[in-house]
Amino acid sequence: MNDSPLPSADEAAHDTPGDAPIQEARLWSDGLWTAEVIKNEDDDGWAVSMTLRGESEPALVGPWTMGRDKKNPKPLDVAAFHTLVKTASEVLRRHEQQLHAQLHKAVTVGAGDELVRVALRIVPDEEYPYAVLTAHDAGGQLLGEARVDANYKLGQASALAWVESDFSPRGR
């Protein structure tokens, strides 16, 4: 099952009810994704942008092939559009995974004869960012929880110190 809020390439390739598809030489849309062939401002070539419905910025911008006349762009077609949808969806998925990795860290430390998983979840509030430090045993039971600064450095030593202090706020 896909827990991502982003559509899969298969979902994105189908029409959304109520949105008529657009299939023009330089503009294609399936109601969810829009591909637009645009003049490349940096040179004489062309580029294609892929924008997800509701977003102000494109998820993907890349070079586009010149047509046979070497002046105009090659027209969009169904195969190219589906490839672009798949690529743009993957770009968004990678960004989402990278953000998740930046906001969630975990280490496993030994506490006596038991392993404890200590996790840090950063809450990126614009005004007052913070993080939540949690400890779970091997069975998933919550052992301790504490609110810490968003810039808290989770490592083996800091996690072990917190566990050995019986999850005391001073032990982190």
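Visitor: What makes β3 and β4 a hairpin, and how many residues sit between them?

Guide: β3 and β4 form a hairpin with 6 residues between them. Helices (H or I, at least four residues) and strands (E, at least two) are DSSP runs, numbered from the N terminus. Before we go on: this is a predicted model, where local features need pLDDT of at least 70 and side-chain atom pairs count only at pLDDT 80 or more, while totals for chains, interfaces and linings use all residues. Residues are numbered from 1 along each chain as its sequence is written, and side-chain values use heavy atoms, leaving out hydrogens and water.

Visitor: How do you know that β3 and β4 pair?

Guide: Two strands pair if DSSP finds at least two bridges between them. β3 and β4 have 7 bridges, in the antiparallel sense, so they pass that test. One example is Glu-36, whose bridge partner in β4 is Ser-49.

Visitor: What about β4 and β5: how many bridges join them?

Guide: There are 5 bridges, and the strands run antiparallel. Met-50 stands opposite Leu-60 in β5.

Visitor: Why are β1 and β5 called edge strands?

Guide: The open sheet has 5 strands in the order β1-β2-β3-β4-β5, paired antiparallel. β1 (22-23) and β5 each pair on one side only.

Visitor: What makes β4 mostly covered?

Guide: Buried means under 20% relative accessible area (exposed is over 50%, partly exposed in between; 1.4 Å probe, protein chains only). In β4, 6 of the 7 residues are buried.

Visitor: Which elements supply the largest nonpolar core, and what makes it a core?

Guide: A nonpolar core is a set of buried Ala, Val, Leu, Ile, Met, Phe, Trp, Tyr and Cys residues joined through side-chain atoms within 4.5 Å. The largest one has 19 residues, and those with the most contacts inside it include Trp-33, Met-50 and Trp-64. β3 (33-39), β4 (46-52), β5 (60-64) and α2 (78-103) each supply at least two residues, with α2 giving the most, 6 residues.

Visitor: Which residues does Trp-64 touch?

Guide: Contact means heavy atoms within 4.5 Å. Not counting residues up to four places away in sequence, Trp-64 touches a list including Val-37, Val-48, Leu-76 and Leu-84.

Visitor: How far should I trust the model, going by pLDDT?

Guide: pLDDT is the predictor's confidence in each residue, from 0 to 100. The chain's mean is 87, and 86% of its residues reach 70 or more. Over residues 8-18, though, pLDDT is below 50.
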